[in-house]
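Here are a few exercises to work through with the model open beside you. Try each task before reading its solution.

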Amino acid sequence: MKAKQMLSILTLLTICLFANAQEKLHCLDANCGFEAGQIVYLFGDQVQLREAPSTESKVLKTLPIGMHMVVQEKHEHSWRYKGMDHHFYKVDYKGTEGYVLGGLLALEKKTINSVVHLFGRAKMGDEDYLLIRSLREDGSFEEKKTRLANTNFQLTQLGNKGLKGVQGILFVDYIANAYGVEGGGIYLFQQENKLHQVARVSQRADGSAYYFKEQLIFPEDTNGLDNKIRYKKEIGKNFDGISRWLEKSLETKEMVWTDTRLKLAQQ
């Protein structure tokens, strides 16, 4: 094999690996919808696959939660579901083509220790929520909801970060792409096949004048402690950049994960 051909193959593999490592961005923008060719999973249960993009059209199949299908195209017709407008999508389910409302499709699927978690969205008044449906072996599911402080986010699996008894950690990672927009996110731990909301952390900045940053430091992180979680909060005010006049305050504490919640560590 020629060196140039080998280099092209290695470059392609590198690009593919990099693309697969990227987390999917979820947002309210039209560009954050489902794309043609994408494999998606049903967030809704007993979902009706319809002949046309309408809630009045003929039902082709009724499908349980978690079934996968392939998106073919987004239709201009939409319908309000759980407080939000969603487009219909033309999909292919095992050779049968039909339409499903976008709100009944999971934003994403994550599996931790064989437990499947599906994610959806809802809006209640002025507040946005992330819905999480965790599937049970008998085909039923448990639903949790958590309020979103930022509608732009990614869902990231972190392993257990060195915590005993924790099967895996899921982080709702806020994408703060402008000053004044809240960053940080929400931590959820899975223990004994159940998902628990553990903590919210916030990060905000006002240009170079002010910043607020909270973080959790796990045993596997730099400066981590064995089976403990370090909480760190830092606030900074920049009075004068030329003279480097900066005022900072720092708060730290050590916590442990026990009885499905965080507690202050005891000596």
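**Exercise 1. The disulfide**

Does Cys32 count as buried or exposed, and what is its relative accessibility? Then work out what Cys32 is bonded to.

*Solution.* Keep in mind that this is a predicted model.

Step 1: The cut-off for buried is under 20% relative accessible area. Cys32 comes in at 18% relative accessibility, so it counts as buried.

Step 2: Look for its partner. Cys32 forms a disulfide with Cys27, and their sulfur atoms sit 1.8 Å apart. A disulfide is a covalent bond between the sulfur atoms of two cysteines.

Step 3: Check the partner too. Cys27 has a relative accessible area of 13%, so this residue is buried as well.

Step 4: Get the handedness. The angle about the S-S bond is 85°, and the link of Cys27 and Cys32 is right-handed. You can stop hunting after that, as the structure holds 1 disulfide.

**Exercise 2. The largest pocket**

Find the largest pocket: what is its volume, and which element gives the most to its lining?

*Solution.* Step 1: The volume of the largest pocket is about 420 Å³.

Step 2: Go to the middle of it. Among the 21 lining residues, Cys27, Cys32, Gly33, Asp85 and His86 lie nearest the centre. Those names include the two cysteines that form the disulfide.

Step 3: Trace the lining back to elements. S5 and S8 are the ones that give two or more residues to the lining of the largest pocket. S5 gives the most, with 5 residues.

Step 4: Sort the lining by class: 9 residues are nonpolar, 7 polar and 5 charged.

**Exercise 3. Following S4**

Which strands pair with S4, and over how many bridges?

*Solution.* Step 1: Start with strand S1 (residues 39-41), which pairs with strand S4 (residues 68-81) in the antiparallel sense over 3 bridges. Here Val40 has Met69 in S4 as its bridge partner.

Step 2: Move on to strand S5 (residues 84-93). S4 and S5 are antiparallel too, with 8 bridges. You'll find Val70 opposite Asp92 in S5.

Step 3: Look at the turn. S4 and S5 make a hairpin with 2 residues between them, and Lys82 in that turn has a positive phi of about 50°.

**Exercise 4. A buried arginine**

Where is Arg121 found, and which residues does Arg121 touch?

*Solution.* Step 1: Arg121 is in strand S8 (residues 115-124).

Step 2: With 8% relative accessibility, it falls under the 20% cut-off, so Arg121 counts as buried.

Step 3: List the contacts, leaving out residues up to four places away in sequence. Arg121 touches, among others, Cys27, Asp128, Tyr129 and Phe153. Lys82, the turn residue from Exercise 3, is also one of its contacts.

**Exercise 5. A hairpin and the second largest pocket**

How are S9 and S10 joined, and which residues line the second largest pocket?

*Solution.* Step 1: Strand S9 (residues 127-135) and strand S10 (residues 141-148) run antiparallel, joined by 8 bridges. They form a hairpin with 5 residues between them, where Gly139 in the turn has a positive phi of about 95°.

Step 2: Pick out one pair. Ser134 has Glu142 in S10 as its bridge partner.

Step 3: Now the pocket, with a volume of about 250 Å³. Its lining includes both Ser134 and Glu142, along with Asn113, Arg136 and Lys194. S8 and S9 each supply at least two lining residues.

Step 4: By class, this lining has 3 nonpolar, 4 polar and 4 charged residues.

Technical notes:
Residues are numbered from 1 along each chain as its sequence is written. This is a predicted model: local features need pLDDT of at least 70, side-chain atom pairs count only at pLDDT 80 or more; totals for chains, interfaces and linings use all residues. Side-chain values use heavy atoms; hydrogens and water are left out. Helices (H or I, at least four residues) and strands (E, at least two) are DSSP runs, numbered from the N terminus. Buried means under 20% relative accessible area, exposed over 50%, partly exposed in between (1.4 Å probe, protein chains only). Contact means heavy atoms within 4.5 Å. Two strands pair if DSSP finds at least two bridges between them. On a 1 Å grid over the protein atoms alone, a cavity is a set of points where a 1.4 Å probe fits but cannot get out, and a pocket is an open set with protein on both sides within 12 Å along at least five of seven lines; lining residues have an atom within 4 Å of a point. Grid points are joined across faces, edges and corners, and a volume is the space filled by probe spheres set on the points. Ala, Val, Leu, Ile, Met, Phe, Trp, Tyr, Cys and Pro count as nonpolar, Asp, Glu, Lys and Arg as charged, and the others, Gly among them, as polar. A disulfide is a pair of cysteine sulfur atoms within 2.5 Å.
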